[in-house]
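Biologist: Could you take me closely through one part of this model and then connect it to what lies around it? I would like the reasoning spelled out wherever a geometrical check is possible.

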Amino acid sequence: MNAIIHEDLEAIAWALGDEAEAFEGKTVLISGGAGFLGSYFVGALHYLNEHEFRKPCRVIVIDNFITGSRSGVLNEISSPHIRAIEADVTKPLHIKEPLDYIIHAAGLASPVYYRKYPLETIEAAVSGAKNLLEFARKKKVASFLFFSSSEIYGDPDPQFIPTPEYYRGNVSSIGPRSCYDESKRLAETLCITYFQQYNVPVKIVRPFNVYGPGMKPDDHRVVPAFLTRSLIGKPLPVHDSGNQTRTFCYISDAIVGFLKVLLSVKNGEVYNVGTDREEIGMKSLAEIITGLSEKNAPIELVSYPESYPSDEPRRRCPDLTKIRSALGYQPKIDLETGLARTLSWYRETLPPSFFEV
Ligand SMILES: NC(=O)c1ccc[n+]([C@@H]2O[C@H](COP(=O)([O-])OP(=O)(O)OC[C@H]3O[C@@H](n4cnc5c(N)ncnc54)[C@H](O)[C@@H]3O)[C@@H](O)[C@H]2O)c1
C-alpha cells in the first residue's frame, strides 16, 4: 500500500483509540465502498484487522462503479475479510449473513457527475437509503450511517455562516443542483422516519468538502482538478470571480469524525463533519496549489462550463460545535499539509503517461 495512505490509516486508528474496538469481530456493510470515502473506510478497517484486532472485522462493499474506481485504493488491499460485490444499491440486495453496521456512502458526489447522471443521483440517495434502511431494520444493526451533504444547506444566509445543523437551508427544488441537494434532504427524512417508526439506530453526517489521496484524477471536484493540472503546468480554471469560499477537510480527519458518529450512542442525530480552520476563496486555493508544485501553472478566471451545475453556494463553512462537544471531534491537518500530501500521492501514483504532455 502507498506510504501516504498507510500513514493516514495509522492516524485514523490512533485517533479512534479504544473506540475502534467496537468493530472487532463485527460485520460492516459499506455502500459506495469503491469511492473516495468508502475506500478509506475499507482501508481503515483493514488496518485495524492487521494491527489491532484479534477477531477480524468483516467488510462487505457494494458498488456499481458508476464513478468508483476498479483500480483505486480498494484494489491495493488483499484480504479474506473484505468482500466486494458489484451491485446497485437501489436494487434488491441478497446478503445472508448478519450485519452489525451499515454505512450508506453510495452516491454521485461530484457536481460534474450529478449533472451528468441526475436520476441516478436521486435514486442512489433515496432508493439506496430506503433499501439499506430496510436491511438495517431486518438485520437489527447496531448503527446505520447515512452520508448526506453540506449541500443540503444550499446557499446559506450569511448570518448562518458558520452553518449549524439546525439551519434549515436555502435550497431550490428545481434548480441545477436540486437532484443532489433535494435527494439528500429526502433521504435524511427517510432516515429519521425509520428511526421514529422502527427504531432503526440511524445517524446522519453532512460532510463539508473532504479531500485527499485516493480522489480520482478525473473526479472533477476542485482539489483533484487543480492538483493534477498543477503537476503538468496546465492552467487552473477558477470559476467566475473565484470569491466563492469553502473549507477543506483532510480525509483522515473526516474519517475519524464519520466513524465517531457511526459509533455514537444517540440515534436520530445529525452532525456536520469538516473543518472550520480556513474558509478560503477558490482563487486563493488555486494560488496555494500553484505555490506547492514546481510547474508554475497559471490561474485562469473562467465562466461556468456547461458541464458544471451553476447556482453554486457562495460560502460554505461548518459550525462544528455539536460534534466537538458531543463526540470530541477535532480536525488536525491544516490545508497546506493536506494539499501537499495529496499532491505527493498523485505524483507517486499517476502513470508516467499522465506527465507526457
Ligand atoms: N467527499 C466529500 O467531500 C463529500 C461531501 C458531501 C457529501 N459526500 C457524500 O459522501 C458519499 C461518498 O462520497 P465520495 O466523495 O466518496 O464520492 P465518490 O464519488 O468518490 O464515491 C461514491 C461511490 O458510490 C458509488 N455509487 C454511486 N451510485 C451507486 C449505486 N446506485 N449503487 C452502488 N454504488 C453506487 C460510486 O460508484 C462511487 O464508488 C456520497 O454519498 C457523497 O454524496 C461526500
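Modeller: Let me begin with helix α7, bearing in mind that the model is predicted. Helix α7 covers residues 251-263, and at 1.5 Å a residue its 13 residues should span 18 Å; because its end C-alpha atoms are 18 Å apart, the expected and computed spans agree. The expected span is 1.5 Å times one less than the number of residues. The helix is mostly covered, since 12 of its 13 residues are buried. The buried positions in α7 are I251, S252, D253, A254, I255, V256, G257, F258, L259, K260, V261 and L262, a list in which the charged residues D253 and K260 appear beside nonpolar ones such as I255 and F258.

The same check can be made on helix α5, residues 178-198, where 21 residues at 1.5 Å each should span 30 Å, and the end C-alpha atoms, 29 Å apart, agree with that expectation. Buried residues of α5 include S178, C179, Y180, D181, E182, S183, K184 and R185, and further along A187, E188, C191 and Y194. Among the elements that cover these buried residues are the helices α3 (111-116) and α4, together with the strands β5 (143-147) and β6 (202-207). Just after α5 comes N199, whose phi is positive, near 60°.

Two of those covering strands lead into the sheet. It is an open sheet of 7 strands in the order β3-β2-β1-β4-β5-β6-β11, and its pairing is parallel. The strands β3 (82-86) and β11 (269-273) stand at the edges, and because each has a single partner strand, one side of each is left without a neighbour in the sheet. On average, neighbouring strands of this sheet are turned by 15° against each other, direction ignored. Strands β5 and β6 run parallel and are joined by 4 bridges, with F147 having V205 in β6 as its bridge partner. From β6 to β11 there are 5 bridges, again between strands that run parallel, and here I204 has V270 in β11 as its bridge partner. Although β11 stands at an edge of the sheet, this strand is mostly covered, with 4 of its 5 residues buried.

The ligand draws on some of these elements too. Of the 31 residues around the ligand, those that come nearest are G32, G35, G68, G107 and A109. The elements that give two or more residues to this shell are α2 (36-51), β2 (58-63) and α4 (118-139), and the largest share, 3 residues, comes from α2. By class, the shell is made of 15 nonpolar, 14 polar and 2 charged residues.

Several loop positions complete the picture. In the loop between β5 and α5 sits P162, which is joined to I161 by a cis peptide bond with omega about -5°. Between β2 and β3, the loop contains F65, whose phi is near 60°, a positive value in a residue other than glycine. F65 counts as exposed, because 11 other C-beta atoms lie within 10 Å, and a residue with 12 or fewer is exposed. A comparable case is N296, placed in the loop between α8 (282-292) and β13, with a positive phi near 50°; N296 is exposed because there are 9 other C-beta atoms within 10 Å.

The loop between β13 (299-302) and α9 (321-327) offers two further positions, one of which is S310. S310 is partly exposed, because 15 other C-beta atoms lie within 10 Å. Leaving aside residues up to four places away in sequence, S310 touches P176 and Y304. S310 and G175 are 135 residues apart in sequence, yet their C-alpha atoms are 8.7 Å apart in space. P313 is found in this loop as well, and P313 is buried because 20 other C-beta atoms lie within 10 Å, where 20 or more is what burial requires. Again not counting residues up to four places away in sequence, P313 touches G154, D155 and P156. P313 and D334, by contrast, are 21 residues apart along the chain, and their C-alpha atoms are separated by 23 Å.

Note on methods: Residues numbered from 1 in each chain as written. Predicted model: local features only at pLDDT ≥ 70, side-chain atom pairs only at ≥ 80, totals over all residues. Near = placed C-beta within 6 Å. Contact = placed C-beta atoms within 7 Å. Pairing = 2+ DSSP bridges. Axes fitted to C-alpha atoms, helices over the stretch in contact; angles between N-to-C directions.
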